[in-house]
Structures are given as C-alpha cells and as structure tokens.
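Me: I have a new model open and no idea where to begin. Can we walk through it together?

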Amino acid sequence: MKSEQLAWLIRRHGVEMTHLSKGSHIGAIFSVADIMAVLYADILKYDAENPGWDGRDRFLLSKGHAGAALYAALAECGFIDREELKTHYQNGSRLSGHVSHRVPGVDFSTGSLGHGLCVAAGRALAAKQDGKSFRSFAVIGDGECNEGSVWEAAQFANHYRLDNLVCIVDYNHMQSLDFCNNTLEVNMAQRWAGFGWNVIEIDGHDHNALRAALQSTANEGHKPTVVIANTVKGKGVSFMENDVLWHYRFPHDGWEYNCAVNELHAAMPEGVADPYTPDGCPEAQPEPDGCRHTVSETYHPTYYQREVDCK
Amino acid sequence: MRDTVIRELVNLAKEDKNIELITGDLGFGVLRPYWESVPNQFINAGIAEQNLTGVAAGMALEGKTVFTYSIANFPTLRCLEQIRNDCAYHKVNVNVICVGGGYVYGALGMSHHATEDIACLRALPEVAVICPGDPIEAGLAVRAIAKSGGTTYLRLGRGGEKRINTSLTDFVIGKAYQIRKAKDFSKKAAVFSTGAILEETALACDMLEELGIGVEQYSFPTVKPIDRETIADVARRFDHIFTVEEHNIVGGFGSAVAETVAELGERVKLHRLGINDFYCAEVGTQAYLRDVVGISARRIVESVGKAFE
C-alpha cells in the first residue's frame, strides 16, 4: 500500500473510531497520520505474521493519546483485523484510548508523556551492545517536550551516540490547552541541536520529505536523529485544523461527522475504498446556533491572535 | 550489605553477559569492583532517574536483566511512574536497588530518609519488594531476584551490618526466616522485622529474654509477596505480634502483616513499630534517629514491655 493511501485510511478510521467511541484526540490522530503512514508503508521493517520478529525495527508511539492512528496502521498492515478497530474504548477491548502492548505489533504501552524516548533509547543501546542492526523509533509530541524526562533521554542518547535511535516530533504546535508557544516557549530545533542531536526539520505532511528524512539516519558524528515534523493539528478536516477544541471533541452525529467524512472523500487517493461510508455522507446543515461548540473561534476566540502575538 | 550485593552482582554478571547495572551517578567506592570487572555491562546514566528507569525497561525488553542503582528515594519515588508503567506493567526484568533504606543517611536530612518507599513500591502490582535484614539475606536475594524474571525492588541498608541469619543457605522470595524460637517463659511474644533493622531487633530480643519475655523472632526479607503461612502459624500460637520496620507505619511492612492478620480472625494483638507517620526533621546518625522514632533496641524493648504491664 502506498503511504498516501495508508494516511487516508488512518484518518478515515480515526474519524470512525472516535465517532463510535466518543473518544478524544482526533486532532493528534490527524497530525500524526502522515508520519505513521510513511513509517508503516516505507520505513519500518516488520513482519505482521510474526510481530515479535527479532530483526524488526522497534517502534513506539510515545504520544499514546494518538493510539487510534497506530491501531489503524496496524489493522491496515495486517497485524489486527480491521473490524476490531470498532471496539476502540469499548468494554473488553484490547484497544485502549492510549497505546496498549496487548495489541499485536505494539511492544510498548504509553499514555503518560515523557516515557517513550527513554525506553527507545534503552532499546537502541541494547541493540548496540548485542550487535543487532535494527533501528529504534519513537514518535513524541511537541507538548510532550514539556516533560523533563524527554531531555534526560536526549542527553543520554547523545552521550552514548545512539545513531540507531530516531525520534520524530509530531510538531503540530498545539498542546492540551493552547498553542505550545503560548504555554512554554519552544525553540524546537535549537533545543535538539543544543542537546547534540542530528536535527532534520521538514513538513510532516509531505510524504516525500518524510521518506527522505527517515530512509537513512546514519550520520558522521554517530548522533541520534530527531526529525522535527511540522504538522497541523487536525490536518485533513478544515474545521478541526489548528483548533484546540478538537484535542478533546469527537465528531458528533450529523453535521460534524458528515462534513468530516466528506472532506476526507474530497481528498481521497486512488485505489482506496472507504470501509464505512463508501459513497461519502449526505450533505448536512450546520446547527442553528452556528455550531458554537464545534469551532474554537466561538469556543475561545483569543487563541489564533495570541499565537500571532507571541511571534 | 551493599558490598555483599555488589560482590554477588559481579559474580552474576561474569556468568551472564545479559546482566546490566545502571547507576544514577552514585556508588563511589561501592560500584568500583563492578565497573572494573565487567565494564561492558555497566552504565552511568547520570543524575536522571526517570530516563535511567526507562532505559532499564527498554534494555530489559531486549532481553537484558537490568539492575538500577541509586540511594535513598532517588531510584524509587523520583521515577515511580517509570517503575509502574515502563517496568512492572510490561513485566520486564528490572531490579531496582536502593542503598540507604530508612535512616542510613540520617544526618543528611529528610530528603535522604527513605521512609515511604516500601509502601509506594508495595502498592504496585507485579512488583516484589525485598528488604534483606543482613548481608547473608542480601547476597542470596540478589541471585534470587535476577532469576525471578519480573520487576523487583531491593531495599538495602548500608555497609557493615552484622550477620544475624547465619544458617541461611537458600533464599526463597516470599518466605520469612526464623531467627530464634521463644523460650518457655510465661510471657511470650512474636517479633517480626523487615530490612536492616533486624540487627536492632535481634538485640532487643536478647534484652527481652533477659527480662523474662520469650520471643519468637522472624526476619521477613520479603514484604511482598508476604509470607502468609508464617504469619498464620504465629498468629495461632501467640497473643502478641510486634512488627518492626525502619519506615513509616502507613502502608509498609506492619501494614502488610496487619492486612494478613485481620483476615485470619485470630485473637492475636498486633503492634506496629515504625515511624509514626511524620517526617523526621531531627539531625543525627541512623542509631540516633532510630532511637528518636522508637525503633532502637531500647525503644523496642520498652514497647514490648508495655504490652505485658
């Protein structure tokens, strides 16, 4: 499957999973969708028939709240059944809101931020000691970079020259309550460079750029690599983009769900079938109150302006 | 105790190249024999315990048997969530070693008093909590936990503790060991302790016998899983059980015994000796602070004596 197709399916599954489960984090699922798609379509070595294959690249999604994006990728790559995606958040399911290692293809559970990069560094170090050639990947969030443990890991990985470690920052510029720069000033690339890493900054929705950045991360200084993937939170559905409300809100029945699905359909790549609504949804009218609860301009009118002010 | 453990770790590491020791920049003069003997199985992760513990989990996921090492509360409370989420939940073979359980670093101040660690670690599912009472128990415990597979907390005292449990040759996680049988006096009590307060407790038991109180003494190097059989057996035969720990009385060893005793329905009265739920702001040596909070031999004797007044 092409990465563009996989990315579309991750977004479509993401809409369905959060819709059915009334679950959060659609914004993060959309921002990380292209990263996940390129990793699973073109970069990671894995064997869906044998998830524990020792030669596999190690991957963990440290921003565990975007778990639906990982589960969707695993379903499309043959680790789990597509039907199982509908059990997300449900009683008795394996698919918890945050990433669970009970799911085939997942080695490590996350959900509390700032854990993943440390663990990925440990795996990279073990690979070096044992002469194994796999790479250890971690996708982390930009808000997650508030956590001190991320920088503990950053120091460690540089010191031990873990050039088999790849950290991808899903830099969607937003965190739980506000834009990152309004929360704690970021200086993302400078920080990682200051910690000694091999820094690559790209457009995180450009698949060619992602492939080019991730194909080989070998470098002369044997440094760990960070790919700072500039993304848009909620990317793919206009009214969810750059809107902190969609860190929490799920696409409700009616206008929200139908519009989200139809916007995805308008950008559907060739060779993909929508498993839920093959022909899209009927057009729906916005609610009479102007969907005050659907977009953050009315939800919290100052966000956009404050990000601009900050710069 | 700590030197015995490091000696045993060196032996283990030489036998198995998958043994790894990661320190949080501590162990000057203690870990040297280790890093000189097996330098390729040693990492100093710097003063960064969260990362240290996450790295340990990552290495253990790759098949290593990892020991993390630091002092006081740094390898436990500072990175409790990494122990919970990254190690215990994933059932990885990470063994957290704390040197300085209780008031070992007494005069260094409250930050260095490890007095709630047993309670915190005991509350984590899948984590065994081992607090050896003397160097014999400690040396045997290291070997046992390396083989046990899961996540374990090993709480040590310092260096130079007296050997009390001299006849012990086989260490089983979850088993209490009898130190002495009660003499046939009219007044009798059972005394349990965990960790390095064993030495002080043994001294108290000597004094109690001189006062005409027969004492059946046990060392509980494992707090979790607690030895229910021994507790049940003792509870049937005694009217008084005393627990002694160099730890807060909330949630620790005494609590573990209390939970078991309460479910037995025996008439035995349980007396928990430990730190009576306060932070110790006093400055002093371990011996001094033990006396202040009521777990020196003298104070243990006082507490037991009162039960027979």
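Me: Which residues form one aromatic cluster with Y40(A)?

Reply: Y46(A), F59(A) and F79(A) do. Keep in mind that this is a predicted model.

Me: Noted. How many aromatic pairs are there over all chains?

Reply: The count comes to 15. One of them is W151(A) with W192(A). Their ring centres are 4.6 Å apart and the planes sit at 45°. Tilted pairs have planes from 30 to 60 degrees apart, so this one counts as tilted.

Me: Where do W151(A) and W192(A) sit in the chain?

Reply: W151(A) is in helix α5, residues 148-159 of chain A. W192(A) is in helix α7, residues 188-194 of that chain. They are 41 residues apart, and the pair links distant parts of the chain.

Me: Are W151(A) and W192(A) buried or exposed?

Reply: Both are buried.

Me: Now chain B. What angle do the rings of F192(B) and Y218(B) make?

Reply: Their planes are at 85°, so the pair is edge-to-face. The ring centres lie 5.7 Å apart.

Me: Which strands hold F192(B) and Y218(B)?

Reply: F192(B) lies in strand β8, residues 187-193 of chain B. Y218(B) lies in strand β9, residues 213-219. The two are 26 residues apart in sequence, so their pairing ties those parts together. Both residues are buried.

Me: Back to chain A. Where is L39(A)?

Reply: L39(A) is in helix α2, which covers residues 26-43 of chain A.

Me: And why does L39(A) count as buried?

Reply: Its relative accessible area is 0%. The cut-off for buried is under 20%, so L39(A) qualifies.

Me: What is L39(A) in contact with, leaving aside neighbours within four places in sequence?

Reply: L44(A), F59(A), F137(A), V139(A), I168(A) and L214(A). F59(A) also belongs to the aromatic cluster you asked about at the start.

Me: How far is L39(A) from G97(A)?

Reply: Their C-alpha atoms are separated by 21 Å. Along the chain they are 58 residues apart.

Me: Let's zoom out. How many helices and strands does chain A have?

Reply: Chain A has 11 helices and 5 strands. Chain B has 11 helices and 12 strands.

Me: What about the radius of gyration of chain A?

Reply: Chain A has 19 Å. A compact globule of 311 residues would be near 19 Å, so the value agrees. Chain B, with 309 residues, also has 19 Å, and that agrees with its own globule value.

Me: What do the chains span along their principal axes?

Reply: The C-alpha trace of chain A spans about 60 × 50 × 35 Å. For chain B the box is roughly 60 × 40 × 30 Å.

Me: How much of each chain is buried?

Reply: In chain A, 58% of the residues count as buried. In chain B, buried residues make up 61%.

Me: What share of contacts joins residues 24 or more positions apart?

Reply: In chain A, 75% of the contacts with a separation of 6 or more. For chain B the figure is 77%, among contacts between residues at least 6 apart.

Me: Last topic, charges. How far apart are the mean positions of positive and negative charges in chain A?

Reply: They are 6 Å apart, with 26 positive and 40 negative charges. Chain B has 33 positive and 39 negative charges, and their mean positions are 2 Å apart.

Key. Residues are numbered from 1 along each chain as its sequence is written. Chains are lettered from A and ligands numbered from 1 in the order in which they are written. This is a predicted model: local features need pLDDT of at least 70, side-chain atom pairs count only at pLDDT 80 or more; totals for chains, interfaces and linings use all residues. Side-chain values use heavy atoms; hydrogens and water are left out. Helices (H or I, at least four residues) and strands (E, at least two) are DSSP runs, numbered from the N terminus. The radius of gyration is taken over C-alpha atoms; the globule rule is 2.2 Å times the number of residues to the power 0.38. Buried means under 20% relative accessible area, exposed over 50%, partly exposed in between (1.4 Å probe, protein chains only). Contact means heavy atoms within 4.5 Å. Lys and Arg count as positive and Asp and Glu as negative; His and the chain ends are not counted. The place of a charge is taken as NZ of Lys, CZ of Arg, CG of Asp or CD of Glu. Rings of Phe, Tyr and Trp (its six-membered ring) pair if their centres lie within 6.5 Å; planes under 30 degrees apart count as stacked, over 60 as edge-to-face and the rest as tilted.
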